[in-house]
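Here are a few short exercises to work through with the model open in your viewer. Try each one yourself before reading the solution.

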Amino acid sequence: MPTKHYQAVVIGGGVVGASILYHLARNGWKNVGLIERAELTAGSTWHAAAGFHAQNKDSNIAGLQAYTIKLYNEIEKESGQSVGLKKTGGYSLAGNYSHTHTLTPSLISYSHQVQKRDLTA
Ligand SMILES: Cc1cc2nc3c(=O)[nH]c(=O)nc-3n(C[C@H](O)[C@H](O)[C@H](O)COP(=O)(O)OP(=O)(O)OC[C@H]3O[C@@H](n4cnc5c(N)ncnc54)[C@H](O)[C@@H]3O)c2cc1C
């Protein structure tokens with residue numbers, strides 16, 4: 001319900017703003033609001049091409065991505081509604097040997113099956 005005073009107001013209803021609002025509420029913040037100038041997900045979020053993985057050179061970002069992937073399952077349980085996510089799987093190809101070191105830890109952190117194949121042979 002609209003009110004004059006909020007504990008926090010999030011500006012922008014993309015995936016980041018929605019996630020901040022969700023986590024504030026989950027952590028007990030009761031009087032929080034979100035302001036969106038257009039409509040929810042009208043920004044970059046609408047354009048996202050469904051690349052959904054936990055691979056990043058920065059282990060903090062990879063951890064955050066892995067957390068997010070698990071969070072969708074929790075949200076389905078909490079809400080009793082499907083979020084419409086279909087995990088189709090995919091391939092990650094390393095262009096050189098050092099790139100395999102970047103890929104492997106993040107793949108393992110998200111329980112992917114890792115198979116190393118040398119395609120140059
Ligand atoms: C073409 C494309 C493909 C992509 N593909 C992927 C992908 O496959 N996988 C992936 O993980 N990421 C992908 N991304 C990146 C991802 O979409 C963005 O990182 C993410 O959506 C950013 O979310 P956001 O909430 O920060 O921004 P946004 O989704 O842009 O949300 C910002 C919101 O704030 C609102 N807003 C702005 N200013 C104000 C204001 N003053 N008052 C009120 N509201 C305001 C806007 O209307 C908008 O709704 C892709 C991006 C693009 C453009």
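**Exercise 1.** Work out the order of helices and strands along the chain of this predicted model.

*Solution.* Start by counting: the protein has 4 helices and 2 strands. Then read along the sequence, and you get β-α-β-α-α-α.

**Exercise 2.** Find out how S1 and S2 are joined, and which hand the unit they make with H1 has.

*Solution.* Strand S1 covers residues 8–11 and strand S2 residues 32–35. The two run parallel, with 4 bridges between them. For one facing pair, look at Val10, which sits opposite Leu34 in S2. Now put H1 back in: S1, H1 and S2 form a β-α-β unit, and it is right-handed.

**Exercise 3.** Check whether the length of H1 agrees or disagrees with the expected span.

*Solution.* H1 has 12 residues, and the rise is 1.5 Å a residue. The expected span takes 1.5 Å times one less than the number of residues, so H1 should span 16 Å. Its end C-alpha atoms are 16 Å apart, so the two agree. Just follow the chain on from there: after H1 comes Gly28, with a positive phi near 95°.

**Exercise 4.** Describe what surrounds the ligand.

*Solution.* Count the shell first: 20 residues surround the ligand, and the closest are Gly12, Gly14, Gly43, Thr45 and Gly51. Sort the shell by type next, which gives 9 nonpolar, 9 polar and 2 charged residues. Finally, map the shell onto the helices: H1 (15–26) and H2 (44–47) each supply at least two of its residues.

Definitions and conventions. Residues are numbered from 1 along each chain as its sequence is written. This is a predicted model: local features need pLDDT of at least 70, side-chain atom pairs count only at pLDDT 80 or more; totals for chains, interfaces and linings use all residues. A residue is near a molecule or strand if its C-beta atom, placed from the backbone, lies within 6 Å of it. Ala, Val, Leu, Ile, Met, Phe, Trp, Tyr, Cys and Pro count as nonpolar, Asp, Glu, Lys and Arg as charged, and the others, Gly among them, as polar. Two strands pair if DSSP finds at least two bridges between them. A crossover is right-handed if, with the strands pointing away from the viewer, the path from the first strand over the helix to the second runs clockwise.
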